Amino acid sequence: MLVSVKERHNEGQCVVEGLSQEELMKITSGSADTERPASTRIRRVELSASGCSVLNALEQIGYQQITTKLTQT
């Protein structure tokens with residue numbers, strides 16, 4: 001599966017795309033909406049965390065970082 005993580009340095013947030021409900025619950029301490037089946041992919045979620053923290057959490061559940069693209073907004 002492909003998951004996209006985009007860090008917003010100015011806002012202290014990350015935008016994560018492509019996680020399932022179950023995976024989102026594993027990398028966050030909060031609860032997620034339980035009405036959707038666990039296999040449903042969440043299109044986009046904004047997290048109040050640094051990119052490094054999100055990447056580390058994703059690594060803990062089995063994802064690997066493939067590329068890093070630096071862009072200036």
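## Around Glu46: a tour of the fold

Let's start with one residue: setting aside neighbours within four places in sequence, Glu46 is in contact with Arg8, Gln13, Cys14 and Val15, where contact means heavy atoms within 4.5 Å. Before going further, note that this is a predicted model, in which local features need pLDDT of at least 70 and side-chain atom pairs count only at pLDDT 80 or more, while totals for chains, interfaces and linings use all residues. Residues are numbered from 1 along each chain as its sequence is written, and side-chain values use heavy atoms, with hydrogens and water left out.

**The overall layout**

The protein chain has two helices and three strands. Both kinds of element are DSSP runs numbered from the N terminus, with helices being H or I over at least four residues and strands being E over at least two. Follow the sequence along and you get the pattern β-β-α-β-α.

How much of the chain is buried? Of its 73 residues, 27% count as buried. The cut-offs go like this: buried is under 20% relative accessible area, exposed is over 50%, and partly exposed is in between, using a 1.4 Å probe and protein chains only. The accessible surface of the protein chain comes to about 5700 Å², and 46% of that belongs to carbon and sulfur atoms. These areas come from the Shrake-Rupley method with a 1.4 Å probe, and for residues only the protein chains shown count as cover. As for how the chain meets itself, take contacts between residues at least 6 apart in sequence: 49% of them join residues at least 24 apart.

**The sheet**

The three strands make an open sheet in the order β1-β2-β3, with antiparallel pairing. Its edge strands are β1 (4-8) and β3, each pairing on one side only. Neighbouring strands here are turned by 25° against each other on average, direction ignored. Angles like this one rest on axes that are lines fitted to C-alpha atoms (for helices over the stretch in contact), and they run from 0 to 180 degrees between N-to-C directions. In general, strands of a sheet pair through backbone hydrogen bonds, either parallel or antiparallel. For a pair to count, DSSP has to find at least two bridges between the strands.

Glu46 sits in strand β3 (residues 45-47). That strand is joined by three bridges to β2 (residues 13-17), and the two run antiparallel. Which residue of β3 does Val15 stand opposite? Val15 faces Glu46. The two are 31 residues apart along the chain, yet their C-alpha atoms are separated by 4.5 Å.

Then there's helix α2 (residues 51-60), which lies across β1, β2 and β3 and runs at about 160° to β1.

**Salt bridges**

The structure holds four salt bridges. Each is a side-chain nitrogen of Lys or Arg within 4 Å of a carboxyl oxygen of Asp or Glu. Here are three of them, with the N to O distances.

| Pair | Distance |
|---|---|
| Arg8 and Glu11 | 3.4 Å |
| Glu22 and Lys26 | 3.6 Å |
| Arg44 and Glu46 | 3.9 Å |

How open to the outside are these partners? In the pair of Arg8 and Glu11, Arg8 is partly exposed at 27% relative accessible area, while Glu11 is exposed at 52%. Glu46 is partly exposed at 42%, and its partner Arg44 is partly exposed too, at 46%. Salt bridges that share partners link Arg8, Glu11, Arg44 and Glu46 into one network.

Over in helix α1 (residues 21-27), Glu22 and Lys26 are four residues apart, about one turn of the helix. Glu22 counts as partly exposed at 43% relative accessibility, whereas Lys26 is exposed at 55%.

**The cysteines**

Back to another contact of Glu46, namely Cys14. Cys14 is buried, with a relative accessible area of 0%, but Cys52 is exposed at 51%. How many disulfides does a search of the whole structure find? Zero. A disulfide would take a pair of cysteine sulfur atoms within 2.5 Å. The sulfur of Cys14 has its closest cysteine sulfur in Cys52, 9.6 Å away, so the two are too far apart for a bond.
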